[in-house]
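Subject: Handover of a structure

Dear colleague,

Please find the structure below, together with its sequence. My notes on cysteines, cavities, pockets and strands follow it.

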Amino acid sequence: MPSLDIEVQHDTLQLISPIRIAGYVFETWDRVHVTLRDGAHAGEGEGAGVYFLGETGEQMHAAIERVKSQIRAAPDRETLRSILPPGGARNAVDCAMWALEAARSGREVWQLAGQGTPRPLMTTFTLSAGDPDDMAMAAAGLADARAIKVKLTGDLDLDIQRVKAIRAVRPDVWLGVDGNQGFVRSQLDALIPALVDQEVALLEQPLARGHDPELEDLASPIPLAGDESILSLEDVRSAQGRFHIINIKLDKCGGLTEGLMMAAEARRLGLGVMVGTMICTSLGTAPGFVLGQSCDIVDLDGSTFLARDRSPSVTYRDGTVFADRSVWA
């Protein structure tokens, strides 16, 4: 196989408005962009920083630079997993490798991944934490949304008000909430019944990473999803008895290759599968869309927060997301 030329860039994405979650407020988001070329074909990939691990665009760029010679040697995607650790840097390279393989073969990534013909996927649309009335107004403005995910902050009374305000104006939607590690175990005894009252269908990452054993005695009628606690393939088994669903993000696990492996392992263990993204352009969303074809819950609205997306971009219509080959591979 011919050696590869690799081009790496990093930059900062500007958001339309600040996003608030438990413990963080974001106004921008770092990413790294990789292009692989073999002389006749090219493939692109994007990685976004895993914020709670402190990843930055500069760090991801540097990580790839350190192993450039190994990448130029055109390793397969399985070998790449031993060259770079899970994270945004490997995601960018892995996805570029998928796209390059698709270009070489004349096939599409979904075919290479063994997925069926892509269909539009119902996706959640995320509401940043804020004043309950403001969040309700934002929810009402998401007229096409059929699923909404609400960012909570761990302020129990205020969070319950937020959910009630949103449900009052959107009785029609699937509703999930994301704790982003903001709660402690003692709060869940009051939080969960309040969420049940509002017909909330998912509670994502309520406790901080490392506190997951505290969920083992929790008989929650609402499915619990692990996000920050489930980074890569080696973490999937630990979800048993603590979470009902794992949220796979390619930036956490290091690419579509490992994401597919995580989904298969979760299914083997009887766990549900969710796909999400960090904030990213459509180039980062499209590989998640491939994985999303076999997921139970899809949270692929990352590019909707951007002041400017790339073109061509994924399409949002009637509460769904769709990515064709013009977007990525």
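**Cysteines**

Cys95 counts as buried, at 2% relative accessibility, where buried means under 20% relative accessible area, exposed over 50% and partly exposed in between (1.4 Å probe, protein chains only). The model is a predicted one, in which local features need pLDDT of at least 70 and side-chain atom pairs count only at pLDDT 80 or more, while totals for chains, interfaces and linings use all residues. Residues are numbered from 1 along each chain as its sequence is written, and side-chain values use heavy atoms, with hydrogens and water left out.

A search of the whole structure for disulfides (pairs of cysteine sulfur atoms within 2.5 Å) finds zero. Cys95 is accordingly in no disulfide, and the nearest cysteine sulfur, that of Cys253, is 8.7 Å away. Cys295 is also buried, with a relative accessible area of 11%. Its closest cysteine sulfur is likewise in Cys253, at 11 Å, which is too far for a bond.

**Cavities**

Cavities and pockets were sought on a 1 Å grid over the protein atoms alone: a cavity is a set of points where a 1.4 Å probe fits but cannot get out, a pocket is an open set with protein on both sides within 12 Å along at least five of seven lines, and lining residues have an atom within 4 Å of a point. Grid points are joined across faces, edges and corners, and a volume is the space filled by probe spheres set on the points.

The structure holds two cavities of 30 Å³ or more. The largest encloses about 230 Å³ and is lined by 18 residues, with Lys151, Lys249, Thr277, Met278 and Ile279 nearest its centre. Strands E1 (5–21), E2 (24–37) and E6 (147–151) each supply at least two residues of this lining; helices (H or I, at least four residues) and strands (E, at least two) are DSSP runs, numbered from the N terminus.

The second largest cavity has about 50 Å³ of space. Its lining consists of Asn91, Leu250, Asp251, Gly276, Thr277, Gly284 and Gly288. Helix H9 (250–253) and helix H11 (282–292) are the elements that give two or more residues to this lining.

**Pockets**

The largest pocket has a volume of about 210 Å³. Among the residues that line the largest pocket are Ile16, Pro18, Phe125, Leu142, Asp301 and Phe305. E1 gives the most to this lining, with four residues.

The second largest pocket, of about 180 Å³, is lined by 10 residues, of which Pro75, Asp76, Met97, Glu101 and Arg104 lie nearest its centre. Helix H4 (residues 88–105) provides the largest share of that lining, four residues.

**Strands E6, E7 and E8**

Strand E7 (residues 174–178) is mostly covered, as four of its five residues are buried. E7 pairs with E6 in the parallel sense over five bridges; two strands pair if DSSP finds at least two bridges between them. Ala147 stands opposite Trp174 in E7. E7 also pairs in the parallel sense with strand E8 (residues 202–204), over three bridges, and here Val177 stands opposite Leu203 in E8.

The chain crosses from E7 through helix H8 (residues 185–197) to E8 in a right-handed β-α-β crossover, right-handed meaning that, with the strands pointing away from the viewer, the path from the first strand over the helix to the second runs clockwise. E6, helix H7 (residues 156–169) and E7 make a right-handed β-α-β unit.

With kind regards
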